[in-house]
Amino acid sequence: MSSLSALCGGLALVYIFGLEARLAWPLGLAILALCLASTIFFFLVSRISHTLVEMTQFAQDTNLQRLDKRVNVQSGDELEHLANSLNRMVYRLDTSMKRIQQLAFVDSITELPNRERFRLETEEAFKSNSAHDLVGAVICFDIDKFIRVQETLGQIAGEGLLGQVAERLTAAVLASDRMVRLQTSLTRPALLARTGISEFSVLLPDIREPTQAGRFAQLVAAALRQHFELGVHRIVLGACAGIAIFPQDGESGTEILRSADLALSHARTDGPNRCVFFTRNMNQRALEKLVLESDIRAGIEQGQFITFFQPKVDLDSGRIHGCEALVRWNHPTHGLISPYKFIEAAEETGLIMPLGDYIMRDAAKKAAGWLRRGIAVRVAVNVSAMQFSEDTFTAKVLHILAETGLPASLFELEITESIAMSNPERVIRLLEPLRQKGVRIAIDDFGTGYSNLAALTRMPFDIFKIDQSFVTALGKDGNAPTMIETIIAMAGGLNYETVAEGVETHEQAAFLKTRGATLGQGFLFGAPMASDAFEAHARTWAVRMDESFLQLASHEHHSSN
């Protein structure tokens with residue numbers, strides 16, 4: 001019988017007994033019957049009330065931190081069904097909360113703690129160490145070449161490699177912890193987390209001295225230099241490391257993590273497999289970089305960046321054949337600023353994208369204007385790695401040419417050798433359609449990298465740009481002439497043009513001409529100049545050309561003798 005039915009029955013029993021007692025029963029029996037009915041009634045009420053109080057207390061005690069408790073009711077009635085339903089609801093809530101915790105604090109690919117969990121653990125360690133006057137460390141690792149592998153082999157392969165890296169790091173951290181922090185590695189073990197796309201971080205809760213953190217980082221990084229098997233590929237990685245010591249390198253766990261990130265940024269700049277400790281002047285440089293980033297962003301919005309043009313001269317005829325577009329920053333406070341002082345910051349912050357697009361559009365617009373006024377020169381524009389990473393790059397270039405009205409034959413793109421060799425198939429896919437339209441493609445700074453010549457012959461290039469370091473070395477380095485002659489001979493074999501950068505003397509120009517270089521670019525033929533100045537220079541160059549090339553011919557004669 002259910003509790004509700006029993007209660008109703010009890011009420012009916014009290015009523016019947018009372019009625020019959022008044023009508024027929026002797027007084028004593030009537031009183032006994034009423035007492036019995038009342039006892040049954042109040043027993044049922046007490047039983048229901050006790051169960052409801054227990055369930056109410058359970059509901060009050062249950063919260064997001066206590067979802068493992070259950071209410072136990074075995075009455076075989078509706079109250080037991082209600083209690084079971086309540087238990088199932090709390091179980092589902094407990095499961096959902098655990099899933100939310102998993103998503104919030106665990107990396108889904110490696111199943112390691114994520115950046116937020118790592119930050120919270122660092123905060124706790126920082127507070128504990130501050131209270132007990134202990135020293136700890138945070139080490140941030142960046143896996144060299146991981147991004148390149150993922151771009152080359154695809155995201156699925158990249159995630160597979162990431163899983164192997166996580167397993168290798170887990171084992172390396174455990175082994176290194178026992179070697180470096182033998183006394184406390186069991187009671188306060190190191191914590192490994194994935195804190196970025198190619199970044200992992202380690203929390204060392206306590207160390208005796210900072211050198212322990214440096215030794216730990218070196219041991220972990222060494223484990224990554226053993227090759228990984230990824231399908232048919234054998235991949236060798238490495239790691240840079242940035243180290244922050246707490247509490248000296250920050251006033252909270254969050255600041256310590258930021259300090260380690262800053263140290264890692266410097267380690268990347270220093271080169272592969274570097275390990276760098278945080279120093280206070282990094283904060284100053286970071287602040288300066290932040291101010292520079294803000295100024296660059298404002299400069300782009302306010303049109304402070306202008307395009308300069310440096311002439312390229314045909315070494316055979318002496319005529320201006322084209323020019324290279326170069327960016328300058330007309331800063332309202334500091335005046336004209338060279339790109340060497342802001343290009344790196346623009347690349348690091350991603351602002352090179354809008355800046356590069358602006359220069360490309362402005363250069364095409366200026367060249368189209370010169371063409372309408374009777375000066376037909378080919379304008380070359382440098383392409384950054386970030387611009388080239390966009391799949392819409394080809395369409396963007398074609399849109400700019402259509403928008404400005406510049407013929408494709410008067411437009412040239414300069415791609416660095418490192419970009420060209422990083423993903424040859426992508427280079428072919430993005431550049432071949434442009435080349436088919438008439439756009440010329442140049443490899444910039446050729447000879448300074450490590451080109452795969454077999455891949456190079458398949459690529460849609462037209463021009464080798466001989467790096468100015470080779471031209472400057474003429475007369476100083478005995479190997480420079482051989483290097484230049486080799487590049488020119490290779491270009492001739494591939495039917496490429498050659499552009500020699502950094503030509504500053506008639507002797508250099510004469511040597512390049514006799515060896516068969518196509519074009520020369522440098523201060524001998526003109527410094528980078530604003531659009532109007534370049535147009536005027538191009539118009540007057542023909543007048544001065546005869547005198548200049550008489551000198552060049554004289555030096556060429558002496559050079560050949």
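Is V291 buried, exposed or partly exposed? Keep that one in mind, everyone, and thanks for coming. What you see above is a predicted model, so please read everything I say with that in view.

Here is the reply: V291 has a relative accessible area of 44%, and that makes it partly exposed, because the partly exposed class runs between 20% and 50%. You can find V291 in helix α9, which covers residues 280-301. Together with L287 and L290, V291 forms a nonpolar patch on the surface. The three share about 270 Å² of accessible area.

Now let's go inside. The largest nonpolar core is made of 79 residues. F411, L413, L431 and F461 have the most contacts within that core. Helix α11, residues 352-372, gives the core its largest share, with 9 residues. Apart from this core there is another one, of 34 residues, including L112, L161, I235 and I243.

Let me stay with F461 for a moment. Leaving aside residues up to four places away in sequence, F461 touches I415, A420, V427, L431, R435, I441, A442, I443, L456 and Y496. L431, you may recall, is also among the residues with the most contacts in the largest core.

Last stop, the cysteines. How many disulfides does the structure hold? The count is 0. Take C240: the nearest cysteine sulfur belongs to C275 and is 9.4 Å away, whereas a disulfide needs the two sulfurs within 2.5 Å. C240 counts as buried, because its relative accessibility is 3%. C323 is buried too, with a relative accessible area of 0%.

That's my tour, so over to you.

Definitions and conventions: Residues are numbered from 1 along each chain as its sequence is written. This is a predicted model: local features need pLDDT of at least 70, side-chain atom pairs count only at pLDDT 80 or more; totals for chains, interfaces and linings use all residues. Side-chain values use heavy atoms; hydrogens and water are left out. A nonpolar core is a set of buried Ala, Val, Leu, Ile, Met, Phe, Trp, Tyr and Cys residues joined through side-chain atoms within 4.5 Å. Buried means under 20% relative accessible area, exposed over 50%, partly exposed in between (1.4 Å probe, protein chains only). Helices (H or I, at least four residues) and strands (E, at least two) are DSSP runs, numbered from the N terminus. Contact means heavy atoms within 4.5 Å. Patches are made of residues with over 30% relative accessible area and no salt bridge: like charges are joined within 9 Å, nonpolar side chains (Val, Leu, Ile, Met, Phe, Trp, Tyr) within 5 Å. Accessible areas come from the Shrake-Rupley method with a 1.4 Å probe; for residues, only the protein chains shown count as cover. A salt bridge is a side-chain nitrogen of Lys or Arg within 4 Å of a carboxyl oxygen of Asp or Glu.
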